[in-house]
Amino acid sequence: MWILMGISTYKYKKEIYIMAIRNIYVEGEEVLRKISKPVTEFNQKLWILLDDMAETMNRADGVGLAAPQVGILKRVVVIDVGEGLIELINPKIIGQKGSQIEAEGCLSCPGEYGKVKRPSWVSVQAQDRHGNEIVREGTGLLAVAFCHEIDHLDGKIFKDIAIEMLDVKSEE
Ligand code: NI
């Protein structure tokens, strides 16, 4: 899946702000192991972070990105599994059903993949970029993405709970 957004701009304090690609932190960096703080201010600083995270995720060909992965310890997640961009602020899993075991990777663990057991259906309560309460539900890959990205906000990486890691080279 490739989504190339090009350069998008919008007015920011009378100046044109150009969306930026942020540096993705990789496993071993302490920031990935910390607990992120709730967002309390829904302002332009948050919107810039959200836009940059979406841009960074798309350019890296990822389907999800959490703020600690770009070095920001805030409870902010972006997801796009090919059904459009989802922004989640202060997300919480409020319901789950069933189970599925699928291969996962992470932009913070390049080249590594592992089988992880997740719920097959997940319901998430969160806020949108303006602070409005939202509920999103997902199955399949979207359910995986909700769980994987929310784990990042609590300092967890998929490898912590992987049933087994995959040797991708030998399987190709
Ligand atoms: Ni990840």
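Which residue in S9 stands opposite Ala-126?

**View 1. The pairing of strands S8 and S9 in a predicted model.** The structure shown here is a predicted model, and in it Ala-126 stands opposite Ile-134 in S9. The two strands S8 and S9 run antiparallel and are joined by 7 bridges. Their hairpin has 5 residues between the strands, and in this hairpin Gly-131 takes a positive phi near 95°. Along S8 the side chains alternate between two faces, with Val-122, Val-124 and Ala-126 pointing to one face, where they are buried, while Trp-121, Ser-123, Gln-125 and Gln-127 point to the other and are not buried.

**View 2. The open sheet of 5 strands.** Following the sheet from strand to strand gives the order S3-S4-S5-S8-S9, with antiparallel pairing. S3 and strand S9 (133-139) stand at the edges and have a single partner strand each, so one side of each is left without a neighbour in the sheet. On average, neighbouring strands of this sheet are turned by 35° against each other, direction ignored. Within the sheet, S4 and S5 run antiparallel and are joined by 4 bridges, and Ile-79 stands opposite Ile-86 in S5. S5 also pairs with S8 in the antiparallel sense, over 6 bridges, and here Gln-96 stands opposite Val-122 in S8.

**View 3. Helix H1 and the strands it crosses.** H1 lies across S3, S4 and S5, and it runs at about 40° to S4. Both H1 (44-59) and S4 (76-79) are among the elements that give two or more residues to the largest nonpolar core, which is the subject of the next view.

**View 4. The largest nonpolar core.** This core has 28 residues, of which Met-53, Val-77, Val-78 and Phe-146 touch the most other members. Two or more residues come from each of helix H1 (44-59), strand S3 (64-66), strand S4 (76-79), strand S5 (86-97), strand S8 (121-127) and helix H2 (140-153), and the largest share, 8 residues, comes from H2. Leaving aside residues up to four places away in sequence, Val-77 touches Gly-64, Ala-66, Leu-88, Pro-91, Glu-149 and Ile-150. In soluble globular proteins, nonpolar side chains tend to be buried together.

**View 5. The open sheet of 3 strands.** In this sheet the order is S6-S7-S10, again with antiparallel pairing. Strand S6 (100-104) and strand S10 (164-166) are the edge strands, and each of them pairs on one side only. From one strand to the next, the twist averages 35°. S6 and strand S7 (residues 113-118) run antiparallel and are joined by 5 bridges, and Glu-102 stands opposite Val-116 in S7.

**View 6. The whole chain and the confidence of its prediction.** The protein chain has 4 helices and 10 strands, and from the N terminus on its elements run β-β-α-β-β-β-β-β-β-β-α-α-β-α. Of its 172 residues, 31% count as buried. Among contacts between residues at least 6 apart in sequence, 66% join residues at least 24 apart. The mean pLDDT of the chain is 91, and 88% of its residues reach 70 or more. Over residues 1-8, however, pLDDT stays under 50, and for these residues the model has 10 contacts beyond four places in sequence.

Technical notes:
Residues numbered from 1 in each chain as written. Predicted model: local features only at pLDDT ≥ 70, side-chain atom pairs only at ≥ 80, totals over all residues. Core = buried A, V, L, I, M, F, W, Y, C linked by C-beta atoms within 7 Å. Buried ≥ 20, exposed ≤ 12 C-beta atoms within 10 Å, placed from the backbone. Contact = placed C-beta atoms within 7 Å. pLDDT = per-residue confidence, 0-100. Pairing = 2+ DSSP bridges. Axes fitted to C-alpha atoms, helices over the stretch in contact; angles between N-to-C directions.
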